[in-house]
Amino acid sequence: MLLLLSFILNKIASMRNKRTDYMNWFKIISYSFVIPTVLFTVIKLITGNELWFIYIFVFIFLIYYDKKLPVFKKKQTIK
């Protein structure tokens, strides 16, 4: 799932003419899903409540990361 999401986000960023790298997306997505999963598991074990909405923060983080990607500059041709 993470590989597919990395590929999709990489393609979306490249279509938007942003400088992107597939492995950077994979690393960011891995951390952004693992950290909330650990938090989710700890809360579930302590309270017994399922707080699935924690994953909404993952998408907020991914949107923030996408907005920080630099845009490719057009190269000037020598005449």
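How far apart should the ends of helix H3 (residues 56-68) be at 1.5 Å a residue, and what separation do its end C-alpha atoms have? The 13 residues of H3 should span 18 Å, and the end C-alpha atoms are 19 Å apart, which agrees. Keep in mind throughout the tour that this is a predicted model.

**The whole chain**

Begin with everything displayed: the protein has 3 helices and 0 strands, and its pattern read along the sequence is α-α-α. Turn the model along its principal axes, and the C-alpha atoms fill a box of roughly 70 × 20 × 15 Å. The radius of gyration is 17 Å, whereas a compact globule of 79 residues would have a value near 12 Å. If you colour by accessibility, 23% of the 79 residues count as buried, while the accessible surface comes to about 6500 Å², with 71% of it belonging to carbon and sulfur atoms. Among contacts between residues at least 6 apart in sequence, 54% join residues at least 24 apart.

**Select helix H3**

Return to H3 and show the side chains of Val58, Leu62 and Asp66, which are the buried residues of this helix. Looking down the axis of H3, you will find these buried residues within an arc of 75°, so they line one face of the helix. Now rotate to the face turned away from that buried side, where the exposed residues Phe57, Tyr64, Lys67 and Lys68 are carried. The partners against which the buried residues of H3 pack are helix H1 (2-15) and helix H2 (22-47).

**Select helix H1**

In H1, the residues to display are Ser6, Leu9, Asn10 and Ala13, the buried residues of the helix. Seen down the axis of H1, they fall within an arc of 105°, so here too the buried residues line one face. H2 and H3 are included in what covers them, and on the face turned away from the buried side sit the exposed residues Leu4 and Met15. The length of H1 can be checked as well: at 1.5 Å a residue its 14 residues should span 20 Å, and the end C-alpha atoms are 20 Å apart, in agreement.

**Three residues of H1, and what follows the helix**

Centre the view on Asn10, which lies in H1 and is buried, because its relative accessible area of 14% is under the 20% cut-off. Leaving out residues up to four places away in sequence, Asn10 touches Thr20, Asp21, Tyr22 and Trp25.

Move next to Ala13, whose contacts, apart from neighbours within four places in sequence, are Lys18, Thr20, Trp25, Asp66 and Leu69.

Ser14, also placed in H1, counts as partly exposed at 37% relative accessibility. Draw a distance from its C-alpha atom to that of Phe26, 12 residues apart along the chain, and the separation is 15 Å. Just after H1, select Asn17, which takes a positive phi of about 65°.

**The nonpolar core**

Finish by selecting Leu9, Ala13, Trp25, Ile28, Ile29, Phe33, Val58, Leu62 and Leu69, the 9 residues that make up the largest nonpolar core. Which elements give two or more residues to this core? They are H1, H2 and H3, and H2 supplies the largest share, with 4 residues. With this selection still shown, Val58 and Leu62 can be recognised as buried residues of H3, and Leu9 and Ala13 as buried residues of H1.

Definitions and conventions. Residues are numbered from 1 along each chain as its sequence is written. This is a predicted model: local features need pLDDT of at least 70, side-chain atom pairs count only at pLDDT 80 or more; totals for chains, interfaces and linings use all residues. Side-chain values use heavy atoms; hydrogens and water are left out. The expected span of a helix is 1.5 Å times one less than its number of residues. Buried means under 20% relative accessible area, exposed over 50%, partly exposed in between (1.4 Å probe, protein chains only). The arc is that of the directions from the helix axis to the C-beta atoms. Contact means heavy atoms within 4.5 Å. A nonpolar core is a set of buried Ala, Val, Leu, Ile, Met, Phe, Trp, Tyr and Cys residues joined through side-chain atoms within 4.5 Å. The radius of gyration is taken over C-alpha atoms; the globule rule is 2.2 Å times the number of residues to the power 0.38. Accessible areas come from the Shrake-Rupley method with a 1.4 Å probe; for residues, only the protein chains shown count as cover.
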